[in-house]
Amino acid sequence: MDQKSGIAKINPAKKNGLVAGTEKLIWEDAYIAGLQKADKAPVYIYTKETFNEPTQYYVTDASLSEGKQITENAPDYDKYSWSAGTRLVDYVSDKGVKLQGTLFLPAGYEEGKKYPTMIYYYEKLSQTRHNWSEPSFSGTGWNPNMYTSNGFAVFIPDIVYTMDDPGMSAVWCVIPGVKAAIETGIIDENNIGIHGHSWGGYQTAFLITQTNMFKAAAAGAPLTNMISMYDLIYWNSGGGNMSIFEASQGRFTGGPWENWDSYERNSPVYHVKNVTTPLLMLHNDKDGAVDFTQGIEYYSALRRLKKPVVLVQYKGENHGLGKPENRKDYAVRMMEFFNHHLKGEEAPDWLSKGINKLDLDEHLEERAF
């Protein structure tokens, strides 16, 4: 698939001499959406965007041809550095499934040069190849345009799942995807980082127990022990976690007592002895989706084994960061973390030496500016 999008017209079978089927009216290397018709005129509008071009509105007639741009969103767009474009990478999972990933080129990309690269994932995302991502401090610390603008390539591989093996499915899909992306000659295979949040955080926490190919990793609000989390509360709704494992993302065929080996095999905390990748982990004390104890289990085990891990916690925050000052703080810390490990920049004091609790308030005030 080329991941193009557009708008098509369906021709009914044998009516008015038309042949049954579809007719593409707009079909582009872009994300086309939002088609609307004027109430009293044959005038239509739709939106178009790409990964490195912000959403704009277009007006056209019923043919939907030769759309005219009528908005100028992000008027200062040209003042900043954006990704030089995207490439689709086809690959085959270790289970023989044909998949795709999107490789986003860094700003100022030069053919033949290799770049430090961030890997990001959340189940299947290749369909978002052309989606515009407004540069911002998100609730997870991640924004692809922030990384491509700062000299990183970004690769987003698809993951498909095998029942009873959600963690191993990431191994079977992400690693061959990254290997295929390396073959493009764009990725510096010695400077690859990974990041994921929530279910993506789980994939990150698990992947670094199974491979040493990543130089650094950041995991936000990760599930780390499928057995202990099964019986915990999903505080944001007040329900139990059982359905997550048996009827949703966990994809297990039963509870732990029926499938102990699968739950244990796919729990990062049971494989911590294998971790060598430096990890930056975010987990907040009021997380109502993935209980804070999940982060503590993994962090404590890694610390007990003297593994390279830093835990960041924002008191009172939920599953994602809500306060603007916390969003900014974490996004900048994560960038500093990867700049150090993937670009060789000097580690900031908070990372290399830590901050004494008595100095924490002053430290946070200084960083706010």
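Visitor: Does Trp132 count as buried or exposed?
Guide: This is a predicted model. The relative accessibility of Trp132 is 14%. The cut-off for burial is under 20%. Trp132 therefore counts as buried.

Visitor: How many aromatic pairs does the structure hold?
Guide: Ring centres must lie within 6.5 Å to pair. Across the structure, the number of aromatic pairs is 20.

Visitor: What kind of aromatic pair do Trp82 and Trp132 form?
Guide: Their ring centres are 5.2 Å apart, with 50° between the planes. Under 30 degrees would be stacked and over 60 edge-to-face. The Trp82 and Trp132 pair is tilted.

Visitor: How many residues apart in sequence are the parts that Trp82 and Trp132 tie together?
Guide: Trp82 sits in the loop between strand E6 (68-69) and strand E7 (85-92). Trp132 sits in the loop between strand E9 (115-120) and helix H1 (144-148). The pair therefore ties together parts whose separation in residues is 50.

Visitor: Is Trp82 buried or exposed?
Guide: The relative accessible area of Trp82 is 15%. Burial requires under 20%. Trp82 is therefore buried.

Visitor: What kind of aromatic pair do Phe337 and Phe338 form?
Guide: Centre to centre, these rings are 5.1 Å apart, and their planes differ by 75°. An angle over 60 degrees counts as edge-to-face. The Phe337 and Phe338 pair is edge-to-face.

Visitor: Which residues form one aromatic cluster with Phe337 and Phe338?
Guide: Both Phe337 and Phe338 are buried. In one aromatic cluster they are joined by Tyr120, Trp142, Tyr147 and Phe152.

Visitor: Which residue lies over the face of Tyr161?
Guide: A charge over a ring must be within 6 Å of the ring centre. Here the distance from the ring centre is 3.9 Å. The residue over Tyr161 is Arg251.

Visitor: At what distance from the ring centre does Lys95 lie over the face of Trp172?
Guide: Lys95 is placed over the ring face of Trp172. Its distance from the ring centre is 4.3 Å.

Visitor: The backbone oxygen of which residue lies by a polar atom of the side chain of Thr277?
Guide: Thr277 is in the loop between helix H6 (260-265) and strand E15 (279-282). The relative accessible area of Thr277 is 1%, so Thr277 is buried. A polar atom of its side chain lies 3.3 Å from the backbone oxygen of Phe214.

Visitor: How many salt bridges does a search of the whole structure find?
Guide: Side chains of opposite charge can pair when their charged atoms come close. The cut-off is within 4 Å, nitrogen to carboxyl oxygen. The whole-structure search gives a number of salt bridges of 11.

Visitor: With which side chain does Lys48 meet in a salt bridge?
Guide: The N to O distance is 3.1 Å in the salt bridge of Lys48 with Glu28. This pair links distant parts of the chain, 20 residues apart, with Lys48 in strand E4 (residues 44-50) and Glu28 in strand E2 (residues 21-28). At 26% relative accessibility, the partly exposed partner is Glu28.

Visitor: What separates the closest N and O atoms of Arg265 and Asp165?
Guide: Arg265 is partly exposed at 34% relative accessibility. Asp165 counts as buried at 10%. In their salt bridge, the closest N and O atoms are separated by 2.9 Å.

Visitor: In the salt bridge of Lys353 and Asp349, what is the N to O distance?
Guide: Lys353 is exposed, at 68% relative accessible area. Asp349 is partly exposed, at 47%. The N to O distance between their side chains is 4.0 Å.

Visitor: Which residues are linked with Asp329 in a network of salt bridges?
Guide: This network includes Asp329. The residues linked with Asp329 are Arg333, Glu336 and Arg367.

Visitor: What separates the C-alpha atoms of Thr102 and Leu88?
Guide: Thr102 belongs to strand E8 (residues 98-105) and is buried at 1% relative accessible area. Leu88 is 14 residues away along the chain. The C-alpha separation is 4.7 Å.

Visitor: What separates the C-alpha atoms of Leu305 and Glu317?
Guide: Leu305 is in the loop between helix H7 (292-304) and strand E16 (309-312). Along the chain, Leu305 and Glu317 are 12 residues apart. Their C-alpha atoms are separated by 28 Å.

Visitor: What is the area of the nonpolar surface patch made by Ile355, Leu360 and Leu364?
Guide: Patch residues need over 30% relative accessible area. Leu360, in helix H10 (residues 360-368), is partly exposed at 33%. With Ile355 and Leu364, Leu360 makes a patch of about 210 Å².

Methods:
Residues numbered from 1 in each chain as written. Predicted model: local features only at pLDDT ≥ 70, side-chain atom pairs only at ≥ 80, totals over all residues. Heavy atoms only, no water. Patch = residues over 30% accessible without salt bridge, like charges linked within 9 Å, V, L, I, M, F, W, Y side chains within 5 Å. Areas by Shrake-Rupley, 256 points an atom, 1.4 Å probe, with all protein chains shown as cover. Helix = DSSP H or I, 4+ residues; strand = E, 2+ residues; numbered from the N terminus. Buried < 20%, exposed > 50% of the residue type's maximum accessible area, 1.4 Å probe, protein only. Phe/Tyr/Trp six-rings, centres within 6.5 Å; stacked < 30°, edge-to-face > 60°. Lys NZ or Arg CZ within 6 Å of the ring centre and 35° of its normal. Polar contact = N/O pair within 3.5 Å; in protein donor to acceptor, adjacent residues only side chain to side chain.
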